[in-house]
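Welcome, and please open your viewer with the selection panel at hand. We will walk from one selection to the next, pausing at each stop to see what is there.

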Amino acid sequence: MDDQRIAPTRTASVEQRTDAIQAVMEARGMQPGAAIDSAYQLAEEEWVPLNGGRIVAKAWTDPAFRQRLLANGKAAAAELGLSMPPHHRHLVALENTADLQNVIVCTLCSCTAFTIIGLPPEWYKDLDYRARAVRQSRTVLKEMGLDLPASTEIRVWDTTTDTRYMVIPTQPPETIGWPEDKLAAIVTKDAMIGVARLPGT
Ligand code: FE
């Protein structure tokens, strides 16, 4: 091999790359800093798992809402004042039972119904989770602390750009009769992704 045109393999760090993009945008009169600040604020204050928790709590306590949620998740979320970006065309609610565990993944990247259940955790974006959640779902759940009996069916749902999912966990029996706001607070992001169950279920 005498080809002298081999490209250098060094890759800039994430910080260097984002700084470079920011510098180019600023040079063209854009203000990425403001957009980034506003995204942080949305992520921390508005795109919170409590949104999904409210949906789950209402589904647990209101059978008619539960039916509407299963039929059209996005419309049911809107009833609670919860919105999704236009390109999230569908919200599909997946109901767990004692014998069925639904699990969400995005094998391509990291898509979630983030305005409803919150932004994806770091492990959700990991290539390892994305590949193995499909091929070795029972093992992956066990590694994450959810050791399901062999009799429990696992269904893995691959998110797309326009179809987002949320898992409706089974309700802990000791919480039956609680008010909705108290129920909403016990629903975790992991339970709505399907890699955890709520205590007592
Ligand atoms: Fe994705």
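Two terms come first: buried means under 20% relative accessible area, exposed means over 50%, and partly exposed is in between (1.4 Å probe, protein chains only). Helices (H or I, at least four residues) and strands (E, at least two) are DSSP runs, numbered from the N terminus. This is a predicted model, in which local features need pLDDT of at least 70, side-chain atom pairs count only at pLDDT 80 or more, and totals for chains, interfaces and linings use all residues. Residues are numbered from 1 along each chain as its sequence is written, and side-chain values use heavy atoms, with hydrogens and water left out.

**Stop 1: strand β2**

Select residues 100-105. Six of the six residues of this strand are buried, so β2 is largely enclosed by the rest of the structure. Turn on the side chains: Leu100, Asn102 and Ile104 point one way, while Gln101, Val103 and Val105 point the other way. In a regular strand the side chains alternate between the two faces of the sheet.

Now add residues 153-158, which form strand β3. The two strands pair (DSSP finds at least two bridges between them) in the parallel sense, over six bridges. To see one partnership, pick Asn102 and its bridge partner in β3, Arg155.

**Stop 2: the iron ion**

Which atoms hold the donor positions around the iron ion? Select Cys106 (SG), Cys109 (SG), Ser110 (N), Cys111 (N) and Cys111 (SG), which lie 2.1 to 2.7 Å from the ion. Donors here are N, O and S atoms within 2.8 Å of the metal (3.2 Å for Na, K and Ca); water is not among the atoms, so sites may look incomplete. Along the sequence, the donor residues are spaced C-x2-C-S-C. Ser110 is partly exposed at 27% relative accessibility, whereas Cys111 is buried at 14%.

**Stop 3: salt bridges**

A salt bridge is a side-chain nitrogen of Lys or Arg within 4 Å of a carboxyl oxygen of Asp or Glu. By this rule there are nine.

- Select Glu95 and Arg66, whose side chains meet at 2.5 Å, N to O. This pair links strand β1 (residues 90-95) with helix α4 (residues 63-71), 29 residues apart.
- Next, select Arg132 and Glu143, which meet at 2.9 Å, N to O. Arg132 lies in helix α8 (residues 127-135) and Glu143 in helix α9 (residues 137-143), so the pair ties together parts eleven residues apart in sequence. Arg132 is buried at 16%, but Glu143 is exposed at 53%.
- Finally, select Lys58, Asp62 and Glu180, linked in a network of salt bridges.
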